[in-house]
Amino acid sequence: MTHALKTPDSSPGSTAAPKAGTKALYGGTTSRRITVRDIAAAKERGEKWPMLTAYDAMTASVFDEAGIPVLLVGDSMGNCHLGYESTVPVTLDEVLLLSAAVVRGTKRALIVGDLPFGSYQEGSVQALRSATRLVKEAGVGAVKLEGGERSAHQIELLVRSGIPVMAHVGLTPQSVNAYGGYPVQGRGEEAAQQLLRDAKAVQDAGAFAVVLELVPAELAAEVTRMLHIPTVGIGAGVECDAQVLVWTDMAGMTAGRMPRFVKQYARLRESLGDAAKAFAEDVVGGAYPAEEHSFH
Ligand code: KIV
């Protein structure tokens with residue numbers, strides 16, 4: 001099924017195979033920071049790339065050394081790092097603090113700071129004030145905000161002011177109270193048309209990339225073909241230009257049931273729990289510290 005938008009963009013990205021080389025976002029050898037120009041060039045080359053969230057300097061340095069080219073200091077820090085039930089309570093000051101840590105812990109990755117709920121919804125001026133703090137005080141290279149057509153004005157002013165913006169459409173978790181949960185978006189003709197309009201609107205407003213969250217794979221593929229900016233999928237199928245996961249989900253650190261789209265590449269929660277138990281047993285049994293850990 002196809003949902004061609006009434007005014008499709010005439011400059012879709014190339015589908016050519018990625019060229020290996022020093023410029024590749026992942027596996028490339030550029031030692032300077034990745035910029036939004038590198039991201040645009042990757043879309044032209046048809047190169048796929050990975051993105052992870054990060055919330056602290058140490059974890060961010062691991063991902064940076066692993067070559068992850070884009071790290072998002074997502075407001076998912078609410079659930080994954082700060083102990084909130086959703087992203088809604090996250091404040092700009094919290095994002096600032098953690099973004100600055102992630103910037104300090106990295107040398108190469110483009111760091112994207114998330115604008116939390118309440119820091120841009122009032123309008124463009126509020127968005128500019130919040131984004132400016134993230135760029136100036138935390139040192140991020142770009143910001144992300146949620147919403148398609150409804151956030152186009154904010155994106156336009158930020159981009160005109162020299163702040164690169166990653167947009168976020170489909171499921172926008174800051175609206176959890178309005179959705180009453182986290183439902184898949186873009187199902188049915190009307191919803192699909194709205195998603196296409198949202199994606200086109202953020203591109204036209206100047207966003208350099210757009211996250212597609214919880215969108216049927218066929219629709220995400222259509223958006224990816226339609227846009228000349230890269231799509232970053234999360235629960236949006238394999239055809240997106242990039243894929244993002246929340247790092248604690250990806251590494252098996254998050255407790256409880258995972259959403260279907262998550263693939264776990266490690267079992268960190270189990271490993272860390274085992275390490276803590278081994279330490280505790282050594283302490284209560286007198287095996288730690290041993291002679292080699294002691295000073296005389
Ligand atoms: O906050 C976040 O981590 C996000 C990603 C899931 C895209 O918005």
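The points below go through the barrel, the ligand site and two loop residues of this predicted model.

1. The strands. In this model 8 strands close into a barrel, following the order 1-2-3-4-5-6-7-8, and the pairing is parallel. From one strand to the next the twist averages 25°.

2. Strands 1 and 2. Strand 1, which spans residues 49–53, pairs with strand 2, residues 70–73, in the parallel sense over 3 bridges. One residue pair can be named for a reader who wishes to check the register on screen: Leu52 has Leu71, in strand 2, as its bridge partner.

3. Helix 8. The helix formed by residues 189–205 lies across strand 5 (165–170) and strand 6 (209–213), and helix 8 runs at about 175° to strand 5.

4. The surroundings of the ligand. The residues around the ligand are Thr53, Leu72, Gly74, Asp75, Ser76, Asp114, Lys144, His168, Val211, Ile234 and Val246. Read against the strand limits, Thr53 belongs to strand 1, given as 49–53, while Leu72 falls in strand 2, given as residues 70–73. His168 falls within strand 5 and Val211 within strand 6, to judge by the limits 165–170 and 209–213.

5. Polar approaches to the ligand. Three of these side chains deserve a separate look, and the distances are as follows. A polar side-chain atom of Asp75 lies 2.9 Å from an oxygen atom of the ligand, an N or O atom in the side chain of Lys144 is 3.0 Å from an oxygen atom of the ligand, and for an N or O atom in the side chain of Asp114 the corresponding distance to a ligand oxygen atom is 3.3 Å. Taken alone the ligand exposes 260 Å², of which the protein buries 96%.

6. Glu47. This residue sits in the loop between helix 1 (36–45) and strand 1 (49–53). Is Glu47 buried or exposed? Its relative accessibility is 6%, and because buried means under 20%, Glu47 counts as buried. The side chain of Glu47 is joined to that of Arg45 by a polar contact of 2.6 Å, and Arg45 is the residue at which helix 1 (36–45) ends.

7. Gly162. Another loop, between helix 6 (152–160) and strand 5, holds Gly162. Here the relative accessible area is 58%, and since exposed means over 50%, Gly162 is exposed. Gly162 and His81 are 81 residues apart in sequence, and their C-alpha atoms are 30 Å apart in space.

Definitions and conventions: Residues numbered from 1 in each chain as written. Predicted model: local features only at pLDDT ≥ 70, side-chain atom pairs only at ≥ 80, totals over all residues. Heavy atoms only, no water. Helix = DSSP H or I, 4+ residues; strand = E, 2+ residues; numbered from the N terminus. Buried < 20%, exposed > 50% of the residue type's maximum accessible area, 1.4 Å probe, protein only. Polar contact = N/O pair within 3.5 Å; in protein donor to acceptor, adjacent residues only side chain to side chain. Pairing = 2+ DSSP bridges. Axes fitted to C-alpha atoms, helices over the stretch in contact; angles between N-to-C directions. Contact = heavy atoms within 4.5 Å. Near = heavy atom within 4 Å. Areas by Shrake-Rupley, 256 points an atom, 1.4 Å probe, with all protein chains shown as cover.
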